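User: Hi! Could you walk me through this model? I'd like to start with the ligand and then look at a couple of residues.
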Amino acid sequence: MRTPMMVGNWKMNNDNDEAWELASAVAEGAGTLEGCQVVLCPPFTALTTVSDALENTDLALGAQNLYWENSGAYTGEISAPMLTSCGCEYVIVGHSERRGRFGKPPAEEALLSVFGDNDATVNRKVKAALAGDLIPIVCVGELLSERQAGKTDEVVSTQVLAALDGLAEDEIVDVIFAYEPVWAIGTGEVCEAEEANRVLRLIRDLLAEKVGDDEAEHMILLYGGSVNPSNIRGLMEQPEIDGGLVGGACLKAESFIELAEVAAEVKGE
Ligand code: PGA
């Protein structure tokens, strides 16, 4: 009853030539795949290129971030209307890299929050996305230290509720949440499938309190963090996991297509 979804977050990878090549290869392999909605999220600079490559396919386009105002003196920012004019239907909001919560800090401590997203800005961005006809894919997840301190459920619940603050029920039902434990992102250390399922159930229960059981059961929930072809089947076999938000493994067409195919196969059984 929920169509699985595989979202490729390209992060800061691929110039326009490379973007054309990768998107065309994914389009060729998964362009008519049934039973899984595939979404490509290239960098802003490649949105129109990828949009062209996805023409006449069932694949959808998403962005990796947005700003909450529609226009104005906000140097370097990109708004919802700009994204939809490039063909975007989705936008990732509050990725842990944008919240400055890196799994393995690659930068000096002082630079960790350079992108500056927090629960309040995530909430504004979710509202701006919905108002601009974009489906927000909201990332939530705990740091390793928070998990070790037994705070996973508290951190995730706080992030989910903050993201939804002030939204009406008919807006909430369009939001997609991705559980992305920060320690699992880009580390090769995937979260146990049962544990990811447990946290997503917790999120669905929170959503049910907002929109009711029936509506919550229809909402798409994703897992992200070191998803790859060797662990996707076990993840998709979990009842609450409707798909993946994929970084590293989406940069090769072959492995990303395989993820989408397995998602369609497992959920189609
Ligand atoms: P990863 O990234 O698949 O490389 O761990 C996932 C993400 O950051 O969304």
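Analyst: Happy to; we'll take the ligand site and then two residues, and keep in mind that this is a predicted model.

User: Great. Which residues come nearest to the ligand?
Analyst: There are 13 residues around the ligand, and those that come nearest are K11, H95, E180, G186 and S226.

User: What does the side chain of E180 do there, distance-wise?
Analyst: An N or O atom in the E180 side chain is 2.7 Å from an oxygen atom of the ligand.

User: And which backbone atoms lie by a ligand oxygen?
Analyst: S226 has a backbone N or O atom 2.7 Å from an oxygen atom of the ligand, and for G248 a backbone N or O atom lies at 2.8 Å from a ligand oxygen. As for surface, the ligand taken alone exposes 280 Å², and the protein buries 95% of that.

User: Nice. Which pocket is that?
Analyst: The ligand sits in the second largest pocket.

User: Switching topic: is E146 buried or exposed?
Analyst: E146 counts as buried because its relative accessible area is 17%, under the 20% cut-off. This residue is in helix 5, residues 144–148.

User: What does E146 contact, leaving aside its close sequence neighbours?
Analyst: Beyond four places in sequence, E146 is in contact with R101, K151, T152 and V155.

User: Last one: where is G35?
Analyst: G35 is in the loop between helix 1 (16–30) and strand 2 (37–41). With a relative accessible area of 40%, G35 is partly exposed. Leaving aside neighbours within four places in sequence, its contacts are T3, P4 and A264.

Terms used
Residues are numbered from 1 along each chain as its sequence is written. This is a predicted model: local features need pLDDT of at least 70, side-chain atom pairs count only at pLDDT 80 or more; totals for chains, interfaces and linings use all residues. Side-chain values use heavy atoms; hydrogens and water are left out. Helices (H or I, at least four residues) and strands (E, at least two) are DSSP runs, numbered from the N terminus. Buried means under 20% relative accessible area, exposed over 50%, partly exposed in between (1.4 Å probe, protein chains only). Contact means heavy atoms within 4.5 Å. A residue is near a molecule or strand if one of its heavy atoms lies within 4 Å of it. A polar contact is a pair of N or O atoms within 3.5 Å; within protein, one must be able to donate a hydrogen and the other to accept it, and residues adjacent in sequence count only if both atoms are side-chain atoms. Accessible areas come from the Shrake-Rupley method with a 1.4 Å probe; for residues, only the protein chains shown count as cover. On a 1 Å grid over the protein atoms alone, a cavity is a set of points where a 1.4 Å probe fits but cannot get out, and a pocket is an open set with protein on both sides within 12 Å along at least five of seven lines; lining residues have an atom within 4 Å of a point. A molecule sits in a cavity or pocket if more than half of its atoms lie within 2 Å of its grid points.
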